[in-house]
Amino acid sequence: MATHRPVSLIGVPTDVGAGHRGARLGPEALRIAGLPEALAARGVDVRDVGNLQGPRNPWTDPVDGYRHLDEVVAWNHALMEATHAELRDGRLPIMLGGDHCLGIGSITDVTPSGNIHGMPEACLCGLGPDALTRLGGDAPAISPQQVRQIGIRSVDQDEKRLIKQHQVDVYDMRYIDESGMKRTMEAALHGIDANTHLHVSFDVDFLDPSIAPGVGTTVPGGVNYREAQLVMEMIADTGLMGSLDIVELNPLLDRRNRTAKLAVDLVESLFGKSTLMRD
């Protein structure tokens, strides 16, 4: 059985940056779907540190384009400190979201080492305009040039502007259709080496809603099951993943925890499970 770096599960039960209620239930849905047990069965030392505490979601309108900015900052600060504690202890932090505004907190503590090849969209989805604004601010959590976005298929005008302004490396669904997922991942992973900290931010709505209905943004034409498995397997092949987000799972919109179970299945592939006879 393969050996892996020990992991710590950090639950962040908030939908403070989302436009729909329900993502705050994501951490428990992933636990109920068997994430700790699935990783342990693969020989991974799993420590569940429980859920972080933070401000409630006031559900007020955005101000100057930002939704609940003070609350978002508070949750991300708590996550940053929790992530720091687990990295300091030599463990791989797995953030159980929660909505994707939390991606800043999970990556911030990694960046001072200067050796990150950022995929805060996992190789799997898109940064929202709030996150990209922070990336381009005075004290960015991560350089936009370190980001790879895979599976993009719905981008608003502000996002398009920020992506072009900061030259974010995007592999949208047309690119995947034309090049195939294998070549897409080869391009996205090009240039990483043994000094790379590979951060994977798995936005569950990167998957097509036909297989993952439990997300806040259900846009048809997403990545299918086999393509998603290949993404995870190729990331696992690098042996460089140092931190992981699982975000935007919304159990209120799911069907019998189907999306959470699929997310667990895909995370298993990040830790070496293959659909082929390669275990």
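Biologist: Is Glu86 buried or exposed in this predicted model?
Modeller: The relative accessibility of Glu86 is 8%. A residue is called buried when this value is under 20%. Glu86 therefore counts as buried.

Biologist: With which residue does the side chain of Glu86 meet in a salt bridge?
Modeller: The N to O distance in this salt bridge is 2.6 Å, and a distance within 4 Å is required. The partner of Glu86 is Arg47.

Biologist: How many residues apart in sequence are the parts that Arg47 and Glu86 tie together?
Modeller: Arg47 belongs to strand β2, whereas Glu86 belongs to helix α3. The pair therefore links parts of the chain whose separation in sequence is 39 residues.

Biologist: Which residues do salt bridges with shared partners join into one network?
Modeller: A search of the whole structure finds 12 salt bridges. Some of these share partners, and one network joins Glu28, Arg31 and Asp48.

Biologist: How far apart are the closest N and O atoms of Asp48 and Arg31?
Modeller: Asp48 is partly exposed, at 37% relative accessible area, whereas Arg31 is buried, at 15%. Their side chains form a salt bridge in which the closest N and O atoms are separated by 2.7 Å.

Biologist: Which strand and which helix hold Asp48 and Arg31?
Modeller: The two residues form a salt bridge. This pair ties together parts that are 17 residues apart in sequence, because Asp48 and Arg31 lie, respectively, in strand β2 (residues 46-51) and helix α1 (residues 26-32).

Biologist: Which residue meets Asp45 in a salt bridge?
Modeller: Asp45 is partly exposed, with 43% relative accessibility. Its partner is buried, with a relative accessible area of 7%. The N to O distance is 3.5 Å, and the partner is Arg91.

Biologist: How long should helix α3 be, judged by the number of its residues?
Modeller: Helix α3 runs over residues 69-88, which is 20 residues. The expected span is 1.5 Å times one less than the number of residues. The end C-alpha atoms are 28 Å apart, which agrees with the expected span of 28 Å.

Biologist: What arc do the buried residues of α3 cover around the helix axis?
Modeller: The buried residues of α3 include Val72, Trp75, Leu79, Ala82 and Leu87. The buried residues lie on the same side of α3, because they cover an arc of only 165 degrees.

Biologist: Which residues are exposed on the other side of α3?
Modeller: A residue counts as exposed when its relative accessible area is over 50%. On the other side of α3, the exposed residues are Asp70 and Arg88.

Biologist: Within what arc do the buried residues of helix α8 fall?
Modeller: Helix α8 comprises residues 181-189, and its buried residues are Met181, Thr184, Met185, Ala188 and Leu189. They line one face of the helix, because, seen down its axis, they fall within an arc of 120 degrees.

Biologist: What kind of aromatic pair do Tyr171 and Tyr175 form?
Modeller: The structure holds two aromatic pairs. The ring centres of Tyr171 and Tyr175 are 5.0 Å apart and their planes lie at 80 degrees. Planes over 60 degrees apart count as edge-to-face, so this pair is edge-to-face.

Biologist: What is the angle between the planes of Phe202 and Phe206?
Modeller: Both Phe202 and Phe206 are buried. Their rings form an edge-to-face pair, 6.3 Å centre to centre, with an angle between the planes of 85 degrees.

Biologist: Which residues make the nonpolar surface patch of about 260 Å²?
Modeller: One member lies in the loop between β1 (7-12) and α1, and this residue is partly exposed, at 32% relative accessible area. The patch is made by Leu25, Leu252 and Leu253.

Biologist: Which two residues are joined by a cis peptide bond?
Modeller: The omega angle of this bond is about 15 degrees. One of the two residues lies in the loop between β3 and α4 (103-108). The bond joins Gly97 and Gly98.

Biologist: What is the phi of His68, which is not a glycine?
Modeller: His68 is found in the loop between β2 and α3. With a relative accessible area of 4%, His68 is buried. Its phi is positive, at about 55 degrees.

Technical notes: Residues numbered from 1 in each chain as written. Predicted model: local features only at pLDDT ≥ 70, side-chain atom pairs only at ≥ 80, totals over all residues. Heavy atoms only, no water. Buried < 20%, exposed > 50% of the residue type's maximum accessible area, 1.4 Å probe, protein only. Helix = DSSP H or I, 4+ residues; strand = E, 2+ residues; numbered from the N terminus. Arc of directions from axis to C-beta. Phe/Tyr/Trp six-rings, centres within 6.5 Å; stacked < 30°, edge-to-face > 60°. Patch = residues over 30% accessible without salt bridge, like charges linked within 9 Å, V, L, I, M, F, W, Y side chains within 5 Å. Areas by Shrake-Rupley, 256 points an atom, 1.4 Å probe, with all protein chains shown as cover.
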